[in-house]
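Work through the exercises below with the sequence and the 3D view side by side, and try each task before reading its solution.

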Amino acid sequence: MTALSIRNLQKAFGGLRVTNNVTLEIAPGERRLIIGPNGAGKTTLFNLITGELTPDDGSISLFGTEMKSMASRKRTHLGLSRTYQIITLFPRDTLLRNVMLSLLGLHPLRWNPLARFDAQHHFVDKAREALDKVGLAHLASRPLSETSYGERRRVEIAMALAQNPKVLLLDEPYAGLSIDERSDIQKLIAGIPRDVTIVMIEHNMDVALDFAERISVLHFGEVIVEGTRAEVVANPRTREVYLGE
């Protein structure tokens, strides 16, 4: 059984086809890298997988469960989690509360307006555990606005990990980071256990190559090359459309 199976996925906005018969088979525990130039359709693909966009055709399944018509929140319950290219956090709240809010989305308590969220000790414990995984437990009570950009990237990963994902989608986790911050995130991602399958989008191939076991190259919404790192780097089409040669 595959962890994430995408078959003949299609999406168009008007006359512009942004996802064109994309097929991906990603094995449990795999580290898959999706690369391509700006405008290749990488983030659109993630939005289709998570349910933020509805495909025109094709199928998406997680460990054998079809998700094409499933609401986003139900996909999260199945074990799908993601980060975003543009950080979407709550700057006035603490790191701990940001992670707790990610847990609330999976809990019936979100429908209870009278419940005291901060009094839910199991939320607090799980949020602290997630922050500890990304090396930020000592900053749990700090407002997000008083942290560095790299620390906010780690908070976003903590929020995703707190949901106990089976498949984790990382949308350009290195974007905007300094060299030192990038190194921290690389170590963090490398330390995620193998029971979590990871699919990463990155436009900077040099940054992400060490991560990948298999690479899929997108161009104008199509998978044009797929294979191991050596196979993809050596393929003339990769150099043509991605490296500009």
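**Exercise 1. Determine how many of the nine residues of helix 1 are buried, and name them.**

Solution. The model is a predicted one, and the step that decides each residue is the cut-off, since buried means under 20% relative accessible area. Applied along helix 1, this cut-off leaves the helix mostly covered, with eight of its nine residues buried. The buried residues of helix 1 are Lys 42, Thr 44, Leu 45, Phe 46, Asn 47, Leu 48, Ile 49 and Thr 50. Just past the end of the chain segment, Gly 51 follows helix 1 and has a positive phi, near 95°.

**Exercise 2. Work out the order of the strands in the open sheet of four strands, and say which strands stand at its edges.**

Solution. Begin with the pairs. Strand 1 and strand 2 run antiparallel and are joined by seven bridges, and within strand 2 it is Leu 24 that stands opposite Ile 6. Strand 1 also pairs with strand 4 (residues 57-62), again in the antiparallel sense, over five bridges; here Arg 7 has Ser 59 of strand 4 as its bridge partner. The whole open sheet then reads 2-1-4-5, with antiparallel pairing. Strand 2 and strand 5 (65-66) stand at the edges, and because each has a single partner strand, one side of each is left without a neighbour in the sheet. Helix 1 (residues 42-50) packs on this sheet, where it touches strand 1, strand 2 and strand 4, and its direction makes about 115° with that of strand 1.

**Exercise 3. Decide whether Gly 15 is buried or exposed, and locate it in the chain.**

Solution. First find the place: Gly 15 lies in the loop between strand 1 (4-13) and strand 2 (16-26). In this hairpin two residues lie between the strands, and Gly 14 takes a positive phi near 65°. Next compare the accessibility with the cut-off: Gly 15 has a relative accessible area of 88%, and exposed means over 50%, so Gly 15 is exposed. As a check on distance, Gly 15 and Arg 73 are 58 residues apart in sequence and 30 Å apart in space, taken from C-alpha to C-alpha.

**Exercise 4. Two residues other than glycine, Asn 21 and Glu 172, have a positive phi; find where each one sits and how exposed it is.**

Solution. Take Asn 21 to begin with: its phi is near 55°, and it belongs to strand 2. At 41% relative accessibility, Asn 21 counts as partly exposed, because this value falls between the 20% and 50% cut-offs. Turn then to Glu 172, whose phi is near 50°, and which is found in the loop between strand 7 and helix 6 (179-190). Glu 172 has a relative accessibility of 4% and therefore counts as buried.

**Exercise 5. Describe the open sheet of six strands, from its order to its edges.**

Solution. The order of this sheet is 6-7-8-3-9-10, and the pairing is mixed. Strand 6 and strand 10 (222-227) are the edge strands, each of which pairs on one side only. Neighbouring strands of the sheet are turned by 20° against each other on average, with direction ignored. For one pair in detail, strand 6 and strand 7 (residues 167-171) run parallel and are joined by three bridges, and Ser 81 stands opposite Leu 168 in strand 7.

**Exercise 6. Describe the largest pocket and the second largest pocket by volume and lining.**

Solution. The largest pocket has a volume of about 560 Å³. Its lining is made of 22 residues, and those nearest the centre are Thr 76, Arg 82, Tyr 84, Ser 102 and Gln 163. Helix 2 (72-78), strand 6 (80-82), helix 3 (95-104) and helix 5 (149-162) are the elements that give two or more residues to this lining, and helix 2 gives the largest share, four residues. Sorted by class, the lining of the largest pocket has eight nonpolar, nine polar and five charged residues.

The second largest pocket has a volume of about 190 Å³. Residues that line the second largest pocket include Lys 133, Leu 161, Asn 164, Pro 165 and Asp 195. By class, its lining divides into six nonpolar, two polar and two charged residues.

Terms used:
Residues numbered from 1 in each chain as written. Predicted model: local features only at pLDDT ≥ 70, side-chain atom pairs only at ≥ 80, totals over all residues. Heavy atoms only, no water. Buried < 20%, exposed > 50% of the residue type's maximum accessible area, 1.4 Å probe, protein only. 1 Å grid on protein atoms, 1.4 Å probe; cavity = no way out; pocket = protein on both sides within 12 Å on 5 of 7 lines; lining within 4 Å. Points joined across faces, edges and corners; volume = space filled by probe spheres on them. Nonpolar A, V, L, I, M, F, W, Y, C, P; charged D, E, K, R; others polar. Pairing = 2+ DSSP bridges. Contact = heavy atoms within 4.5 Å. Axes fitted to C-alpha atoms, helices over the stretch in contact; angles between N-to-C directions.
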